Amino acid sequence: MLGYTQSNNDIYIFFEENEIEKLEQKKIQGTYFNFNNLEIIGLLEVSIDNKISDRMITSVNKNDSGFITWLHLKMKTSEYYSLKEQKSRELHEGFRHICLRDSSNLDNLNMNDRFNFRQLKYYESKINKN
């Protein structure tokens, strides 16, 4: 799972392979990229939590420079099933959108999402080499 925040504060999370199915059983962890400083990599977590009041909520920790070091998205079971069925989900949260995408079949993504996912995969390959 890979994620980042766009300059307009929209959050994008790309699920890989069968991570969406695994999410039903446990919290999923992945990599969060700070595009303003790619050397600061954050932990990305997604879980199902029916105790939250909204359909989805995000929590973040930032370092002293303001870069995200941890982002946790919680969603209700109903949102999870919509994501599982539709392979894509968007929800407005305050001043931003939360955009969830299933990247296991790139043909299902629009051109911008495909480009962004490939860019994240490139950054991931760079950190895995170090």
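Begin by selecting Y4, Y12, F14, F33, F35, F117, Y122 and Y123, which ring pairs link into a cluster. Keep in mind throughout the tour that the structure on the screen is a predicted model.

With the cluster still displayed, it helps to know that a search of the whole structure finds eight aromatic pairs. Zoom in on Y4 and Y12, where the ring centres lie 5.7 Å apart and the planes meet at 15°, so this pair is stacked. The angle decides the label, because planes under 30 degrees apart count as stacked. If you colour by accessibility, Y4 counts as buried at 3% relative accessibility, and Y12, at 11%, counts as buried too.

Next, select the largest pocket, which has a volume of about 320 Å³. Two elements, β3 (28–33) and β5 (56–62), give two or more residues each to the lining of this pocket. The lining is made up of 16 residues, and those nearest the pocket centre are T5, Y32, N34, N36 and I68, so labelled they can serve as your landmarks here. Sorted by class, the lining of the largest pocket holds seven nonpolar, seven polar and two charged residues.

Now move to helix α2, which spans residues 77–86, and show the side chains of E79, Y80 and L83, which are buried. Looking along the axis of the helix, you will find that these residues cover an arc of only 105°, which puts them on the same side of α2. A general point about helices helps in reading this view: an α-helix has 3.6 residues a turn, so residues three or four places apart point the same way. Step just past the end of α2 and select K87, which takes a positive phi of about 70°.

The rest of the tour follows salt bridges, of which the count for this model comes to 11. Select K74 and D49, which form one of them, with the closest N and O atoms 3.7 Å apart. K74 belongs to strand β6 (residues 68–75), while D49 sits in the loop between β4 (41–48) and β5, so the pair ties together parts that are 25 residues apart in sequence. The partners fall into separate accessibility classes, since K74 counts as partly exposed at 26% relative accessibility, whereas D49 counts as buried at 19%.

Return to E79, already met in helix α2, and add R89 to the selection, for the side chains of E79 and R89 meet in a salt bridge of 2.7 Å from N to O. Because E79 lies in helix α2 and R89 in strand β7 (residues 88–93), this pair ties together parts that are 10 residues apart in sequence. Both E79 and R89 are buried.

Stay with strand β7 and select E90 together with R101, whose side chains meet in a salt bridge of 2.6 Å, N to O. R101 is part of strand β8 (residues 96–102) and E90 is part of β7, so the pair ties together parts that are 11 residues apart in sequence. Here R101 counts as buried at 5% relative accessibility, while E90, at 42%, counts as partly exposed.

For the last stop, select E16, K121 and E124, which salt bridges with shared partners join into one network.

Conventions:
Residues numbered from 1 in each chain as written. Predicted model: local features only at pLDDT ≥ 70, side-chain atom pairs only at ≥ 80, totals over all residues. Heavy atoms only, no water. Phe/Tyr/Trp six-rings, centres within 6.5 Å; stacked < 30°, edge-to-face > 60°. Buried < 20%, exposed > 50% of the residue type's maximum accessible area, 1.4 Å probe, protein only. Helix = DSSP H or I, 4+ residues; strand = E, 2+ residues; numbered from the N terminus. Arc of directions from axis to C-beta. 1 Å grid on protein atoms, 1.4 Å probe; cavity = no way out; pocket = protein on both sides within 12 Å on 5 of 7 lines; lining within 4 Å. Points joined across faces, edges and corners; volume = space filled by probe spheres on them. Nonpolar A, V, L, I, M, F, W, Y, C, P; charged D, E, K, R; others polar. Salt bridge = Lys/Arg side-chain N within 4 Å of Asp/Glu carboxyl O.
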